[in-house]
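Work through these exercises with the sequence and the 3D view side by side. Try each task before you read its solution.

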Amino acid sequence: MSALAQTMLGAVLPGNSSTHLKTFDVPTPGHGQLLLRMKASTICGSDIRCIYHEHLGKGPEGYQGFIAGHEPCVQVVARGPGCRRFGEGDRVIVYHISGCGVCNDCRRGYMISCTSQTYRKAYGWQRDGGMAEYLLADEKDLVALPDELSFLDGAQVACGFGTVYEGLEKVGISGNDAVLITGLGPVGLATAMLCKAMGAQMIIGIDVIDERLRIAADLKLCDHVLKAFEDNVEQVRALTGGAGVERAIDCSAHHEARATAIRATRKWGSIVMIGEGGTVSLNPSPDIIHDQKTIHGSWVTSIWKMEELVERLVRWNIHPEQLVTHRFALEDVGEAYKLMATGKCGKVAVCFDEALTKSH
Ligand SMILES: NC(=O)c1ccc[n+]([C@@H]2O[C@H](COP(=O)([O-])OP(=O)(O)OC[C@H]3O[C@@H](n4cnc5c(N)ncnc54)[C@H](O)[C@@H]3O)[C@@H](O)[C@H]2O)c1
Ligand SMILES: [Zn+2]
Ligand SMILES: [Zn+2]
């Protein structure tokens, strides 16, 4: 500990589309806690929607002025008493919600929906998060990062890829399926990457922003990209023999895109809603009942599934880092949020040390 700096820089989000870099004390790990050197900290669409532009939401979505960033990937620099698994030098991903550990949701590994009002705290919302040089985390919230994966791979697992994996496990994806993805932000692009790895042979993506359609096409993540607000349902049917896709994943939260996802799904198909906020209107009988469709909701993932996902990423030899189009140093964190808010980018990352310039 003695070699460590006493103070560090960290960014908070005042809620008026700006960022504020401040000096904080470097924390000391307590029982069961580790001090972590930040390596990569990526920005999620939820940060923009719920914190950056304005402070939206209560409870699990309420930002309480802490250091922002809920997608941290780190290296352990100091270990508090009572830690059982991780120690100095270990590379780890932070599952971004710390739960009470003893409610039913926590026991299932879904700390995202921990029911304790006192102990449930999300990193970057109700306790300090990833946009700082160091982070204090509870050992129970950490997932080992395999050597084959980079810090930028790991950061995206902390929320985005973990969330997508959970949603795809709910609907099941295989080589049998044509898949529609509405919204090609980092979450939609992650969906395409994982669907491809799971064997989907036809992936159709829809977005409003040309840059995102281009990224999906250039990285060969989607077989077809469609501009939103055209007759997307007819376009998808035309690409799928008139029947529609077997699986649709909404990653946009836009009411029209959600309706497209539901209507462009064929009989007996499944839809999963990942994009958050907004509404959708549907006519149950023609849209789902008569065609025997199932709609799932999916919120983040469990910590054991996150461990399973990192193992799969290695087996599939795919790298979430591929989706990162822009890296910034912490000093330029304001530019990072500003860019992500435009949507004219893939994944935006704030990086530290070697992660700023290279992959491992
Ligand atoms: N369910 C969960 O647990 C969970 C976890 C993480 C993120 N999210 C949510 O997932 C969503 C996606 O996250 P992201 O980081 O990719 O955010 P993002 O805002 O960058 O991506 C949303 C994309 O949807 C596109 N879009 C908007 N209207 C559209 C339309 N009519 N048709 C097609 N596309 C349209 C936007 O252009 C954008 O590219 C956000 O709503 C985020 O809050 C949910
Ligand atoms: Zn998120
Ligand atoms: Zn709990």
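**Exercise 1. The end of helix H10**

Which residue just after H10 takes a positive phi, and of about how many degrees?

Solution. This is a predicted model, so every value here is computed from predicted coordinates. Go to the residue just after H10: Gly 343 has a positive phi of about 80°.

**Exercise 2. The inner face of H10**

Find the buried residues of helix H10 (residues 333-342), and say how they are arranged around its axis.

Solution.
Step 1. List them. Val 333, Ala 336, Tyr 337 and Met 340 are buried.
Step 2. Look down the axis. These residues cover an arc of only 90°, which puts them on the same side of H10.
Step 3. Recall the general rule. An α-helix has 3.6 residues a turn, so residues three or four places apart point the same way.
Step 4. Find the cover. S1, S2, H1, strand S16 (324-328) and strand S17 (347-351) are among the elements over the buried residues of H10.

**Exercise 3. Thr 19 and its distant partners**

Where in the chain is Thr 19 found, and which residues is it in contact with beyond four places in sequence?

Solution.
Step 1. Place the residue. Thr 19 sits in the loop between S1 and S2.
Step 2. Judge its exposure. A residue is buried at 20 or more C-beta neighbours within 10 Å, and exposed at 12 or fewer. Thr 19 has 18 such neighbours, so it is partly exposed.
Step 3. List the contacts. Thr 19 touches Ala 11, Leu 13, Val 333, Gly 334 and Tyr 337.
Step 4. Take one pair. Thr 19 and Val 333 are 314 residues apart in sequence, and their C-alpha atoms are 7.3 Å apart in space.
Step 5. Link back to H10. Val 333 and Tyr 337 are among the buried residues of that helix.

**Exercise 4. Two residues with positive phi**

What are the phi values of Ser 17 and Trp 268, and in which elements or loops do they lie?

Solution.
Step 1. Start from the general rule. Most residues other than glycine have a negative phi.
Step 2. Take Ser 17. Its phi is positive, near 60°. Ser 17 is in the loop between strand S1 (7-12) and strand S2 (20-25). It has 14 C-beta neighbours inside 10 Å, so it counts as partly exposed.
Step 3. Take Trp 268. Its phi is positive too, at about 70°. Trp 268 belongs to strand S14 (residues 265-273). With 10 C-beta neighbours inside 10 Å, Trp 268 counts as exposed.

**Exercise 5. Helix H9 from both sides**

Which residues of H9 are buried, and which on the other side are exposed?

Solution.
Step 1. Check the span. Helix H9 (residues 303-316) has 14 residues. From its first C-alpha to its last, H9 reaches 20 Å, close to the 20 Å expected.
Step 2. List the buried set: Ile 303, Met 306, Leu 309, Val 310 and Leu 313.
Step 3. View H9 down its axis. The buried residues fall within an arc of 100°, so they line one face of the helix.
Step 4. Turn to the other side. Glu 311 and Arg 315 are exposed there.
Step 5. Find the packing partners. The buried residues of H9 pack against strand S9 (142-144) and helix H3 (151-171).
Step 6. Step off the end. Just after H9, Asn 317 has a positive phi of about 55°.

**Exercise 6. Two domains and a ligand**

How is the chain divided into domains, and how many residues surround ligand 1?

Solution.
Step 1. Mark the domains. Domain 1 is 7-145 + 319-356, and domain 2 is 162-297. Their centres are 29 Å apart.
Step 2. Count the contact. Each domain gives twelve residues to it. On the side of domain 1, helix H1 (residues 45-52) gives the most, with three residues.
Step 3. Turn to the ligand. 33 residues surround ligand 1, and Gly 45, Gly 183, Gly 185, Ala 228 and Ala 257 are the closest.
Step 4. Sort the shell. It has 15 nonpolar, 13 polar and five charged residues. Domain 1 and domain 2 each supply at least three residues of this shell.
Step 5. Zoom in on Ala 228. It lies in the loop between strand S12 (224-227) and helix H6 (232-239). Beyond four places in sequence, Ala 228 is in contact with Ile 206, Asp 207, Val 208 and Ala 257.

Technical notes:
Residues are numbered from 1 along each chain as its sequence is written. Chains are lettered from A and ligands numbered from 1 in the order in which they are written. This is a predicted model: local features need pLDDT of at least 70, side-chain atom pairs count only at pLDDT 80 or more; totals for chains, interfaces and linings use all residues. Domain bounds come from an automatic or database domain assignment. Two residues are in contact if their C-beta atoms, placed from the backbone, lie within 7 Å. Helices (H or I, at least four residues) and strands (E, at least two) are DSSP runs, numbered from the N terminus. The expected span of a helix is 1.5 Å times one less than its number of residues. The arc is that of the directions from the helix axis to the C-beta atoms. A residue is near a molecule or strand if its C-beta atom, placed from the backbone, lies within 6 Å of it. Ala, Val, Leu, Ile, Met, Phe, Trp, Tyr, Cys and Pro count as nonpolar, Asp, Glu, Lys and Arg as charged, and the others, Gly among them, as polar.
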